[in-house]
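Hello,

Here is the structure I promised to pass on to you. Please have it open while you read, and my notes follow just below.

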Amino acid sequence: MSSPFEDILATLIRQRGVLGCLVVGESDGIVVDANVQVGVSEQVVAALAAALFRRARLSSQSAGLGRVQFLQLEAEKGHVCCVGREGLVLVTLAEPRAHIGLIRGAMLQGVEVLA
Amino acid sequence: MRTHVAEPWVEAPLQGFVDDARVLFALLLHPSGQVMGQFGFTRAVDVMAACALAAGIHASAGQLGRELDGQPFRELYHAGRDRQIFIGEVRTPREAFVFLTAFGEESSLGLVRIFFAEMSTRLSQAAPARVDGPPLAAASLERDLARSLAALFGRSADGESGGTPLPS
């Protein structure tokens with residue numbers, strides 16, 4: 001069965017160094033649709049990334065900074081990138097060698113399908 | 001706020017879950033309704049009521065699952081307006097336990113499920129070997145229930161059973 005998120009997930013997973021991409025419910029952290037490589041624990045990534053994005057959104061609002069456009073977590077062994085809209089979060093998990101600029105562009109374009 | 005447990009091997013996994021998942025209440029119990037550990041409750045009577053309800057819900061869901069799917073439902077989730085509850089089964093080499101937790105805006109179902117799975121693994125590793133005892137009778141159930149509540153709330157097992165606040 002196809003979902004409206006298939007195209008954006010397929011676009012993201014084709015990017016160099018991307019380990020997985022997911023559409024997640026922001027409030028419950030449950031996977032709506034995902035395209036991940038073998039070995040990626042999608043439920044764990046989904047729940048933690050959604051919690052991270054939600055807290056970032058609330059922090060940004062509290063600080064009077066408005067809506068979170070793009071959230072990037074840079075870690076020792078890779079990146080977690082998130083964009084969100086209408087209670088859904090698009091999450092991309094990538095290796096350090098990934099081109100974050102291209103991923104960011106694709107995610108910001110893809111965020112439209114979340115609405 | 002700390003967890004209160006009836007048996008020491010329960011404490012570390014339960015406290016770890018509470019710290020990580022940031023839940024409001026947590027309750028680990030035997031399927032008969034006997035409490036093994038709790039977090040967030042302030043009165044023994046509330047623990048007793050929650051244990052009885054959780055045991056009943058778990059038993060009903062298990063039977064419903066057997067009727068519909070040929071195997072018992074092991075997890076149950078209900079979303080309220082402000083608070084949500086999750087009930088799951090914890091399997092250990094000793095026996096199976098029922099876990100009930102309530103959470104609010106600070107947590108999410110996804111987080112609760114992840115840390116519940118982690119806690120189940122830790123409980124399974126920490127559980128002592130099974131000891132075969134006599135069949136459960138109403139008198140021994142009541143005595144065991146009183147003993148576990150006494151251990152949780154720090155008073156004698158023959159003391160009155162409700163409304164006692166937790167020691168701070």
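**What I found**

Chain B has 4 helices and 6 strands. Please keep in mind that this is a predicted model. Read from its start, chain B follows the pattern β-α-β-β-α-β-β-β-α-α. Of its 168 residues, 35% count as buried. Among the contacts in chain B between residues at least 6 apart in sequence, 59% join residues at least 24 apart.

**The sheet of chain B**

How are the 6 strands of chain B ordered in the sheet? They form an open sheet in the order 1-3-2-6-5-4, with antiparallel pairing. The edges are strand 1 (4-5) and strand 4 (75-79) of chain B, each of which pairs on one side only. As a general reminder, strands of a sheet pair through backbone hydrogen bonds, either parallel or antiparallel.

Strand 2 of chain B is a good place to start looking. Four bridges connect strand 2 (residues 25-29) of chain B with strand 3 (residues 35-39) of chain B, and the two run antiparallel. Within this pairing, B:L27 stands opposite B:Q38, while B:L28 stands opposite B:G37. The hairpin made by strand 2 and strand 3 of chain B has 5 residues between the strands, and there B:G33 takes a positive phi near 105°.

Strand 2 of chain B also pairs with strand 6 of chain B, in the antiparallel sense and over 5 bridges. In that pairing, B:A26 has B:T101 of strand 6 as its bridge partner. Is strand 2 of chain B mostly covered or mostly open? Strand 2 is mostly covered, with 4 of its 5 residues buried.

**Helices on the sheet**

Now for the helices, which you can follow from the same strands. Strand 2 and strand 3 of chain B, joined by 4 bridges, are both touched by helix 2 (residues 44-69) of chain B, which packs on the sheet. Helix 2 of chain B also touches strand 4, strand 5 (84-91) and strand 6 (96-103) of chain B. The direction of helix 2 makes about 65° with that of strand 2 of chain B.

Helix 3 (residues 109-126) of chain B packs on the sheet as well, touching strand 4, strand 5 and strand 6 of chain B. Its direction makes about 25° with that of strand 5 of chain B.

**Chain A**

Chain A has 3 helices and 5 strands, and from the N terminus on its elements run α-β-β-α-β-β-β-α. Along its principal axes, the C-alpha trace of chain A spans about 40 × 35 × 25 Å. A compact globule of 115 residues would have a radius of gyration near 13 Å, and chain A has 13 Å, so the two agree. Buried residues make up 35% of the 115 residues in chain A. Of the contacts in chain A between residues at least 6 apart in sequence, 53% join residues at least 24 apart.

**Where the chains meet**

How many residues of chain B are in contact with chain A? There are 5, and they are in contact with 10 residues of chain A. By class, the side of chain B that touches chain A has 3 nonpolar, 2 polar and no charged residues.

Best wishes

Note on methods. Residues numbered from 1 in each chain as written. Chains lettered and ligands numbered in written order. Predicted model: local features only at pLDDT ≥ 70, side-chain atom pairs only at ≥ 80, totals over all residues. Contact = placed C-beta atoms within 7 Å. Nonpolar A, V, L, I, M, F, W, Y, C, P; charged D, E, K, R; others polar. Rg over C-alpha atoms; globule rule 2.2 N^0.38 Å. Buried ≥ 20, exposed ≤ 12 C-beta atoms within 10 Å, placed from the backbone. Pairing = 2+ DSSP bridges. Axes fitted to C-alpha atoms, helices over the stretch in contact; angles between N-to-C directions.
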